[in-house]
Amino acid sequence: MKKNFLVFLCVLMLFSLISCGGNDKNPFTYQQTSASQLTVTAYNGKNEAVVTIPDTYLDRKVTAIGDMAFEGTVMMTSVLIPDGVVSIGASAFANCQRLSAIQLPAELSEIGDWAFQNCKLLTEVTIPENVTTIGKSAFKGCTGLASVTLPDGIKTIGAEAFSELTNLTSYTGPMKHLNDMAKGKLSSVTLVAGEFDKIEFVTFYGCDALTEITYTGTVADWQAVEKAEDWLQSRKDHTLTVHCSDGDITEKED
């Protein structure tokens, strides 16, 4: 009986070490997800503007940011997420009203639902190459976002992930995800050669402010892309400048 109690006490002490937080020395709370991995489940800092999430704690690697871990953190203006993190949970940084800069790790593969919703001071976001999934409403209501860059390998973008971006002016990424963006103020789009072979009528529909496209291929490559009849009709002045790798061309509908 005494032996069992001592074992229980040791386990309890270990759990308390991993789950500790809420003080000046360690404002993070963790949950152990395997023998060597941790998830950050809460942040208890008070006045820090720049928050750096540790890459390890008690010799265990931080690999995930849990649901609502930083939601509504008032004073945080920027956050550095370590390279070992592969997933950001639902609402992890939602409603952080002063958050203006984020550094997403290269190993990140998944961004959860509402992860950065209503972070109104964010001005740009570059999604790392390994990300394949962005959840619904992940960046919804980030009204300060002016620039979004998506990787070629992204597979799933949830509903309204980039809606209500009322100041978005620049998009770089796969053309198939252009319609996931708020288009009203887009003035510049960068597209990758070989990623698409046809431009549909609806592709640039609603891009009333769009004046230029940067295309990574040659003029000949661009001209070889099939274009739907009246594909420029969705543009107010029916004119676009296309910057190709070997020169510029002007697309204008008579």
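Let me begin with Ser137, which sits in the loop between β11 (133-134) and β12 (147-149). This is a predicted model, and that applies to everything I say today. Ser137 is not a glycine, yet its phi is positive, near 55 degrees. Is Ser137 buried or exposed? Its relative accessibility is 7%, and buried means under 20%, so Ser137 counts as buried.

Now a second residue with a positive phi. Met68 is not a glycine either, and its phi is about 60 degrees. You will find Met68 in the loop between β5 (60-65) and β6 (78-80). Here the accessibility goes the other way: Met68 has a relative accessibility of 51%, and the cut-off for exposed is over 50%, so Met68 counts as exposed.

Next, the sheets. As a reminder, the strands of a sheet pair through backbone hydrogen bonds, and the pairing is either parallel or antiparallel.

I will take the sheet that contains β6. It is an open sheet of three strands, in the order β3-β6-β8, and the pairing is parallel. Which strands stand at its edges? They are β3 (50-52) and β8 (101-103); each has a single partner strand, so one side of each is left without a neighbour in the sheet. On average, neighbouring strands here are turned by 10 degrees against each other, ignoring direction. To see one pairing in detail, look at β3 and β6, which are joined in parallel by three bridges. One pair to pick out on the screen is Thr52 with its bridge partner Leu80 in β6.

The other sheet has seven strands. It is also open, its pairing is mixed, and the order is β10-β12-β14-β15-β17-β19-β20. The edge strands are β10 (124-126) and β20 (247-252); each of them has a single partner strand, so each has one side without a neighbour in the sheet. From one strand to the next, the twist averages 15 degrees.

Let us walk through part of that order, starting at β14. Strand β14 (residues 170-172) runs parallel to strand β15 (residues 188-191), and three bridges join them. Within that pairing, Thr172 has Thr190 in β15 as its bridge partner. The next step is from β15 to β17, again parallel, with four bridges. There, Val189 is matched with Ile213 in β17. After that, β17 pairs with strand β19 (residues 239-244), in the parallel sense, over three bridges. In this pairing, Glu212 has Thr241 in β19 as its bridge partner.

Stay on β17 for a moment. Which residues of strand β17 (residues 212-215) form the covered face, and which the uncovered one? Ile213 and Tyr215 are on the covered face, while Glu212 and Thr214 are on the uncovered face.

My last stop is Glu251, which is in strand β20. You have already met β20 as an edge strand of the seven-stranded sheet. Glu251 is buried, and it has no salt bridge. How far away is the nearest side chain of opposite charge? That side chain is Lys227, at 4.2 Å, and a salt bridge has to be within 4 Å, so the pair does not count as one. What the side chain of Glu251 does have is a polar contact with the side chain of Trp222, at 2.7 Å. Leaving out neighbours within four places in sequence, the residues in contact with Glu251 include Trp222, Lys227, Trp231, Leu232 and His238. Its contacts also include Thr239, Leu240 and Val242.

That is where I will stop.

Definitions and conventions: Residues numbered from 1 in each chain as written. Predicted model: local features only at pLDDT ≥ 70, side-chain atom pairs only at ≥ 80, totals over all residues. Heavy atoms only, no water. Pairing = 2+ DSSP bridges. Helix = DSSP H or I, 4+ residues; strand = E, 2+ residues; numbered from the N terminus. Axes fitted to C-alpha atoms, helices over the stretch in contact; angles between N-to-C directions. Buried < 20%, exposed > 50% of the residue type's maximum accessible area, 1.4 Å probe, protein only. Lys, Arg positive; Asp, Glu negative; His and termini not counted. Polar contact = N/O pair within 3.5 Å; in protein donor to acceptor, adjacent residues only side chain to side chain. Contact = heavy atoms within 4.5 Å.
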